[in-house]
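Here's a quick briefing to read with the model open beside you. Have a look at the fold first, then work through the points below.

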Amino acid sequence: MKTVRSAAEHLKDLEPYDPKYLPARIYLNANESPYGMPERARAELLDSLKCEPLHRYPDPLAKRLRTTISERLKVDPEYVVLGNGGDELLFNLCLAYGGSGRSLLTAPPTFSVYHTDAKLTHTAVVEIDRATGVNSEGALDYSVDEEAILKSVSSGSVDIVMLTSPNNPTGDCLTLDFISKVLDATDAVVLIDHAYIEFASPAYDATALLAKHANLAILRTFSKAYGLAGLRIGYLVASTEITRELCKVRQPYSVDALAALAALAALAQEEEVECMVKRIVLERVRVAQALGPLGLGLPVAPSEANYLLFKVPGAHEIWQRLYEDYGILVRDLSKVPGLDDCLRVSIGRPEENDEFLQALGEL
Ligand code: PMP
């Protein structure tokens, strides 16, 4: 046969997720940790690898890691489901609670994977746009439209709500008061994506709400603060009503033995992780100041995460020159609706941030 029949109809308008990966000298494009996994955790991982039976399938639910996480969060182990990165769990949530005749609410500009997962699972998307303005201090304002979200979920027609706190790429968080109102207004599954919560003020951590709300699901990942993006491991915390359904749709062996061991080793070095997070947060403040009114004079979005969104005239050309002339890769978001002339820069090591600021100043 020289031809192949067409793929499923709903793939027609879908573009593959493109993280715009390019080889660079300085990577400030994917919100990874610039420090990597804690040194002692890496040594421990290599040690435990020596006796890990890699010819056996891994424990499907990664019980040891699941229990360790549940103890840290003070929840039942059955509240925790591990996945091949947070990405897999987002898809699984759509498989379990989406489908034709169902809908998912998001608040763009936000993480584009929610939209793709909805499309792949025949789930309709309800988009409640964020503000796209500048606040009284001259900073970019992308706050969610709380009233419109509450009105939409109260109608009862939404099945999944995906809200990001801190939001990628804008960096802002949702208040717990607002999250509680959403949870009270609907029995839809409300996914709060906490991929970057380690970098935010503890006042934004929604974990304590799990005790009161069966419809809350929280997504966490080892890709960011714990420096394990290359190994693909994340987890979702939710009531057993939700985790039971997720266990039905998950790939049995999506969490490999090495990723589970690395996550355990990283959790055992919590102090070192906290120390790296503190350094990144201090740098975030410094870089924001250098970009903002007292520095380069660019509008910057206040951020609770390990990246900053800023506006610069001719953003696409600036992105290209940063890459081609200086070898510095940041994320070009200027074609995303609501983000004209916006670039996102991940916070790197101090010397990387210096090089980025110097290059941007020259451009
Ligand atoms: N949520 C958000 C908001 C993200 O930015 C990312 C990573 N880009 C993820 C979830 C998924 O992360 P991972 O699959 O690496 O755990």
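Which side chain meets that of glutamate 9 in a salt bridge? The partner is lysine 12, with 3.5 Å from N to O. Keep in mind that this is a predicted model. The rest of the briefing goes through the charged pairs, a buried aspartate, the ligand surroundings, a small sheet and some backbone oddities.

**Salt bridges**

- The count of salt bridges comes to 14.
- Back to the opening pair: glutamate 9 is exposed, with a relative accessible area of 58%, and lysine 12 is exposed as well, at 63%.
- Arginine 102 pairs up with aspartate 159 in another salt bridge, where the closest N and O atoms are 4.0 Å apart. This one ties together distant parts of the chain, 57 residues apart: arginine 102 sits in the loop between helix H3 (85–97) and E3, while aspartate 159 sits in the loop between helix H5 (146–154) and E7.
- Arginine 102 counts as partly exposed, its relative accessible area being 35%.
- Arginine 220 and glutamate 198 bring their side chains together in a salt bridge at 3.1 Å, N to O. Here too distant parts of the chain are linked: arginine 220 belongs to strand E9 (residues 216–221), and glutamate 198 to the loop between E8 and E9, 22 residues away.
- Are arginine 220 and glutamate 198 buried or exposed? Both of them are buried.
- There's also a network of salt bridges, which links Glu283, Arg286 and Asp354.

**A buried aspartate without a salt bridge**

- Aspartate 193 is part of strand E8 (residues 189–193).
- What is the nearest side chain of opposite charge to aspartate 193, and how far away is it? That's arginine 220, 8.6 Å away, and aspartate 193 is buried with no salt bridge. A salt bridge needs the side-chain nitrogen within 4 Å of a carboxyl oxygen, so the pair doesn't qualify.
- What aspartate 193 does have is a polar contact, side chain to side chain, with tyrosine 114 at 2.6 Å.
- Leaving aside residues up to four places away in sequence, aspartate 193 touches Leu90, Phe111, Tyr114, Leu163, Thr164, Ser165, Pro166 and Leu219.

**Around the ligand**

- Aspartate 193 turns up here again: with Gly86, Thr221, Ser223 and Arg232, Asp193 is among the residues that come nearest, out of 13 around the ligand.
- Glycine 86 takes part through its backbone, with a polar atom 2.6 Å from an oxygen atom of the ligand.
- Arginine 232 brings a polar side-chain atom to 2.7 Å from a ligand oxygen.
- Tyrosine 196 has an N or O atom in its side chain at 2.7 Å from an oxygen atom of the ligand.

**A three-stranded sheet**

- In what order do the three strands of the open sheet run? The order is E11-E14-E13, with antiparallel pairing.
- Strand E11 (307–311) and strand E13 (331–332) stand at the edges; each has a single partner strand, so one side of each has no neighbour in the sheet.
- E11 pairs with strand E14 (residues 342–346) over five bridges, in the antiparallel sense.
- To find your way along that pairing, look for leucine 309, which stands opposite arginine 344 in E14.

**Backbone oddities**

- Proline 108 to proline 109 is a cis peptide bond, with omega near 0°. Proline 109 lies in the loop between strand E3 (103–106) and helix H4 (113–120).
- Asparagine 168 to proline 169 is also cis, and here omega is near 20°. Look for proline 169 in the loop between strand E7 (160–164) and helix H6 (176–185).
- Lysine 74 isn't a glycine, yet has a positive phi of about 55°. Lysine 74 is in the loop between helix H2 (63–73) and strand E2 (80–83), and counts as exposed at 74% relative accessibility.
- Aspartate 341 has a positive phi too, near 60°, again in a residue other than glycine. Its place is the loop between E13 and E14, and at 30% relative accessibility aspartate 341 is partly exposed.

Note on methods
Residues are numbered from 1 along each chain as its sequence is written. This is a predicted model: local features need pLDDT of at least 70, side-chain atom pairs count only at pLDDT 80 or more; totals for chains, interfaces and linings use all residues. Side-chain values use heavy atoms; hydrogens and water are left out. Two strands pair if DSSP finds at least two bridges between them. Helices (H or I, at least four residues) and strands (E, at least two) are DSSP runs, numbered from the N terminus. Buried means under 20% relative accessible area, exposed over 50%, partly exposed in between (1.4 Å probe, protein chains only). Lys and Arg count as positive and Asp and Glu as negative; His and the chain ends are not counted. A polar contact is a pair of N or O atoms within 3.5 Å; within protein, one must be able to donate a hydrogen and the other to accept it, and residues adjacent in sequence count only if both atoms are side-chain atoms. Contact means heavy atoms within 4.5 Å. A residue is near a molecule or strand if one of its heavy atoms lies within 4 Å of it.
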